[in-house]
Amino acid sequence: MAHDASNMTPLSSLRSDGLKGKLQVPGDKSISHRSLIFGALAKGETVVSGLLESEDVLNTAKAMQAFGAQVHKDDQGLWHVTGVGTGSLLEPIDVLDFGNSGTGARLVMGLAGAHAFASTFIGDASLSGRPMGRVLNPLREMGVEVLARSKDRLPLTIKGADPATPITYRVPMASAQVKSCVLLAGLNMAGTTTLIEPVKTRDHTEKMLRGFGAELGEEINEAGETVLTLEGLQELTAQNVTVPADPSSAAFPIVAALITPGSDLLVENVLLNETRTGLLTTLVEMGANLTIENERESGGERIGDIHVRHSDLKGVTVPAERAPSMIDEYPVLSVAASFANGETRMEGLEELRVKESDRLSAVAAGLTANNVPHIEGEDYLVVKGGSNQIGGGTVVTHLDHRIAMSFLVMGLASQKPVEVDDGAVINTSFPGFVDLMTGLGGRFSA
Ligand SMILES: O=C(O)C1=C[C@@H](OP(=O)(O)O)[C@@H](O)[C@H](O)C1
Ligand SMILES: C=C(OP(=O)(O)O)C(=O)O
């Protein structure tokens with residue numbers, strides 16, 4: 001069921017004694033979506049272990065079934081996906097509901113656009129307010145037609161190109177979703193697609209393309225941009241995929257431990273792909289007592305255990321160039337900054353305005369409600385940390401899981417409790433968040 005004003009569940013967190021123990025957060029959301037999508041395109045049976053079973057990912061699983069793939073979970077918790085082959089998806093009979101998920105909707109639009117049939121995309125109120133032009137524009141260049149009630153917003157219907165024309169596309173903003181949409185469309189049509197990425201973003205689509213046996217050209221041009229070339233209709237071969245723990249979810253217990261006195265946590269098996277580790281870099285610069293242990297390779301990705309203890313943090317400037325590698329972590333970094341000595345300045349945040357909520361203004365409003373001085377600019381945020389009067393407010397989550405979890409983390413260390421207006425939205429990416437945090441010593445009240 002989609003979350004809306006009718007089924008909101010308020011939730012509070014309270015000042016806690018130290019958080020202690022070992023934990024594993026659920027599987028990486030980006031890799032989970034993609035393992036289902038690549039499984040649905042590959043010949044044979046892909047087996048996925050550690051899939052994130054959150055609402056966003058389960059909606060992608062349903063979409064893959066609607067396109068003709070077989071998807072099921074076995075008794076051991078492994079997910080099996082039997083694919084239909086590149087360029088061979090079937091026309092969905094029903095509308096495709098992506099709930100809260102920008103990644104699901106935008107990546108699957110790439111698949112749909114390369115197939116000569118119509119498919120209709122719907123989502124919740126948050127997703128229906130998010131810009132889709134960023135993926136629809138390159139798809140239109142390939143010959144796709146789009147019918148939307150309101151310009152480039154869900155609900156909308158895509159009429160796949162027939163025949164589809166591969167394009168050369170330079171991604172105008174730092175977005176792995178746009179890159180992935182264009183590559184997935186290109187994979188499902190004849191001819192060569194060229195993708196120019198001026199700013200490097202998470203590379204899970206590239207890694208998975210290669211992991212499933214496709215050839216993907218990659219070079220750096222004179223301007224320092226990454227140029228990817230992909231020949232369409234390459235056959236993919238089913239794989240066994242192990243999904244590592246999601247660093248964007250690990251961010252919540254990590255920051256909770258840093259700001260809550262007496263904490264000592266070991267967060268295990270976390271994905272350490274360097275396109276995702278900007279938050280860890282920033283926290284170390286802030287003085288975090290954080291070490292990576294048992295670093296190793298798993299399924300083509302670097303993973304490790306993160307040992308984190310309560311620390312006296314200091315404010316830093318986070319440069320704009322780092323934003324793509326920590327784009328989903330700014331809300332929880334703002335919470336860490338609230339407990340740091342001095343100012344933390346975060347720059348290059350324009351993309352935060354088009355996430356599940358306008359995250360820059362949602363964070364600023366949450367900081368205001370909880371007595372944390374800050375300055376909100378068009379594309380930057382300055383948090384003035386170190387007050388001893390934090391908390392006491394209610395935060396409006398705007399159907400945004402990361403706003404909900406970030407401010408619940410704040411309440412674990414603040415003088416007064418922090419309430420969020422909807423805790424149910426957390427299921428978008430981190431089912432079991434409250435139970436997991438409670439098990440480590442966090443205090444919550446419904
Ligand atoms: O490709 C992905 O899996 C994602 C890309 C990012 O979005 P953008 O591409 O809009 O930056 C990120 O915010 C999202 O949570 C997941
Ligand atoms: C931005 C996010 O996801 P999506 O764009 O897939 O909704 C997120 O999980 O923080």
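Helices (H or I, at least four residues) and strands (E, at least two) are taken here as DSSP runs, numbered from the N terminus. The model is a predicted one, so local features need pLDDT of at least 70 and side-chain atom pairs count only at pLDDT 80 or more, while totals for chains, interfaces and linings use all residues. Residues are numbered from 1 along each chain as its sequence is written, with chains lettered from A and ligands numbered from 1 in the order in which they are written.

With those helix runs in hand, the ligand site comes up. Helix H3 (102–113) and helix H6 (176–187) each put at least two residues into the shell around ligand 1, and H6 has the largest share, at three residues. The full set around ligand 1 is Ser30, Gly102, Thr103, Ser175, Ala176, Gln177, Ser180, Arg202, Ile327, Asp328 and Glu351, where a residue is near a molecule if its C-beta atom, placed from the backbone, lies within 6 Å of it. By type, this shell splits into two nonpolar, six polar and three charged residues (Ala, Val, Leu, Ile, Met, Phe, Trp, Tyr, Cys and Pro count as nonpolar, Asp, Glu, Lys and Arg as charged, and the others, Gly among them, as polar).

As for the domains, the chain is cut into domain 1 (5–27 + 244–445) and domain 2 (29–242), with bounds that come from an automatic or database domain assignment. Both domains give residues to the shell, so ligand 1 lies between them. Their centres, taken over C-alpha atoms, are 28 Å apart. Across the boundary, 23 residues of domain 1 are in contact with 27 residues of domain 2 (contact: C-beta atoms, placed from the backbone, within 7 Å). The domain 1 side of that boundary has seven nonpolar, eleven polar and five charged residues.

Next, helix H7 (residues 204–211). Its buried residues are His204, Thr205, Glu206, Met208 and Leu209, buried meaning that 20 or more other C-beta atoms, placed from the backbone, lie within 10 Å of a residue's own. Their cover includes helix H1 (29–41), H6, strand S12 (216–220) and strand S13 (226–231). Just after H7, glycine 213 adopts a positive phi of about 100°.

Finally, four strands make up an open sheet with mixed pairing, ordered S6-S7-S9-S8; two strands pair if DSSP finds at least two bridges between them. Strand S6 (96–97) and strand S8 (145–148) sit at the edges with a single partner strand each, so one side of each has no neighbour in the sheet. Strands S7 (residues 118–122) and S9 (residues 156–159) run antiparallel, joined by four bridges, and serine 119 has isoleucine 158 of S9 as its bridge partner.

Methods:
Contact = placed C-beta atoms within 7 Å. Buried ≥ 20, exposed ≤ 12 C-beta atoms within 10 Å, placed from the backbone.
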